[in-house]
Amino acid sequence: MMKRLVMLAGVALALTGCATAKPATRLCQRDADFNVRSAPAPDVWFALLLHGYDAERNVVPRPAVDCSGAPVVWQDPVQDECREAGPPSEPLPPAEKLTEEDLVMVTTQARERLVWVITRRYTNGEGVGPVARVVTTETGFSVEALGTLRALPLRADLRMERVAGTEVLVAEGDACTTDASEEQVCRRAMRIMPMRSHRFFGEAVSSKDKACLGAAWFPLSRAMSFTLPSGLRRTFELASTVSFKSDGITVQEQVQVTDSDPKQPAVAPRLYRRAQDHRELTVQDNVLQGSAPSLWVRMIEQQLLAGAKPLPEQEVLPRTPPSVSKEAAPKTASGTKP
């Protein structure tokens, strides 16, 4: 009798262990044969990440919804609720059909990719759409992290970083000017999205007292000009770097300020000031926290208080340049194959 009770207890423990084993998180799945898994076409990713995608017509229902049923929406901080608003832009009409230009895909490691499908674009060159970490399984594809990303898709690079025990999605891309009378200038920017509970979140950066400092959007290169009360033109140029460490993120900013006289265009601009500073970001308590507002914001605020009038920034390409071949492969990181 005792032997039988011990055997029953062992069976019960085994069953309990099976019942409580934590399975891998799979937000969305799609079966695919070996050939598709080896070289997936863009429409495979469109169908995986977008609910209701029509593969025959290559269109997405409006408004767009990701594969988990969540709407594809984005809201950057606005001026009256944050020290620095998100990048200024207006949404463009959605494209009739998706193309390979609407897909950014980067292989991060064996059997794992970061995939971003762009469902709408903006006048400042940004695009928005579902982004996912996708694992190739023995039977198809499995989405193990998902969210909505708004970033610059031109020459885009996606990667994961780990900061203070939290995985962070980093998206970099270019915005290029469209002024045909001058040499084209491309400026790069970065978007940061912490991953929590298998979702990517577009959070604002907050101060220690929970005040909003700005979007988690970091221009790596930027220029802005003002007309001073004296009539001179003052131009600010930013160069910044973002480095990721195990305990935090460091944003290093350098700003150069020059003055020029619009009445004397042949005279070279005169250096007015150089400044540099750095700030620290931490990912803790479900908050992306910053040590201070950006140097750029502080310097621009000083000019506005002094009565300077901002000039319109140069227009940028709202879409990937048409020179990109329609037969080109989806965007990948430099030297990385899908």
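Author: Let's start with a definition: two strands pair if DSSP finds at least two bridges between them. Helices (H or I, at least four residues) and strands (E, at least two) are themselves DSSP runs, numbered from the N terminus. This is a predicted model, in which local features need pLDDT of at least 70 and side-chain atom pairs count only at pLDDT 80 or more, while totals for chains, interfaces and linings use all residues. Residues are numbered from 1 along each chain as its sequence is written, and side-chain values use heavy atoms, with hydrogens and water left out.

Reader: What makes strand 5 and strand 6 a pair?

Author: Strand 5 (residues 127–136) and strand 6 run antiparallel and are joined by 10 bridges. The rule asks for at least two, so these strands count as paired. One place to look is Arg133, whose bridge partner in strand 6 is Ala145. The two strands form a hairpin, with 3 residues between them.

Reader: Which way does strand 10 pair with strand 6, parallel or antiparallel?

Author: Strand 10 (residues 199–200) pairs with strand 6 in the parallel sense, over 2 bridges. In that pairing, Gly147 faces Phe200. Strand 1 (residues 28–31) also joins strand 6, running antiparallel over 4 bridges, and there Cys28 is opposite Val143.

Reader: Why is strand 6 described as largely enclosed?

Author: Strand 6 covers residues 140–151, and 11 of its 12 residues are buried, so the rest of the structure largely encloses it. Buried means under 20% relative accessible area, exposed over 50%, and partly exposed in between (1.4 Å probe, protein chains only).

Reader: How do you know that Thr136 is buried?

Author: Thr136, which lies in strand 5, has 10% relative accessibility, so it falls under the 20% limit and counts as buried. Its side chain also makes a polar contact with the side chain of Arg113, at 3.2 Å. A polar contact is a pair of N or O atoms within 3.5 Å; within protein, one must be able to donate a hydrogen and the other to accept it, and residues adjacent in sequence count only if both atoms are side-chain atoms.

Reader: Why is Asp76 called buried, and which side chains does it contact?

Author: Asp76 sits in the loop between helix 3 and strand 2. Its relative accessible area is 9%, so the under 20% rule makes it buried. Its side chain meets that of Trp74 at 3.1 Å and that of Arg191 at 3.0 Å. Both distances are within 3.5 Å, so both fit the definition of a polar contact.

Reader: What makes a group of residues a nonpolar core?

Author: A nonpolar core is a set of buried Ala, Val, Leu, Ile, Met, Phe, Trp, Tyr and Cys residues joined through side-chain atoms within 4.5 Å. The largest one here has 22 residues, and Trp45, Leu49, Val134 and Val143 have the most contacts inside it. Helix 3 (42–49), strand 2 (103–109), strand 3 (112–117), strand 5 and strand 6 each supply at least two of its residues. Helix 3 gives the largest share, 5 residues. A second, separate core has 19 residues, including Trp116 and Met193.

Reader: What makes a space a cavity or a pocket?

Author: On a 1 Å grid over the protein atoms alone, a cavity is a set of points where a 1.4 Å probe fits but cannot get out, whereas a pocket is an open set with protein on both sides within 12 Å along at least five of seven lines; lining residues have an atom within 4 Å of a point. By this rule there are 4 cavities of 30 Å³ or more. The largest cavity holds about 160 Å³ and is lined by 18 residues, with Trp217 and Arg279 among those nearest its centre.

Reader: How many residues line the largest pocket?

Author: The largest pocket holds about 1,200 Å³. It has 41 lining residues, and Arg187, Ala223, Met224, Glu313 and Gln314 are the closest to its centre. Strand 14 gives the most to this lining, 5 residues. For both spaces, grid points are joined across faces, edges and corners, and a volume is the space filled by probe spheres set on the points.

Reader: What makes strand 12 and strand 19 edge strands?

Author: They belong to an open sheet of 8 strands with mixed pairing, in the order 12-11-18-17-16-15-14-19. Strand 12 and strand 19 (309–310) each have a single partner strand, so one side of each is left without a neighbour in the sheet. Strand 12 pairs with strand 11 (residues 204–206) in the antiparallel sense over 3 bridges, with Ser206 opposite Cys212.
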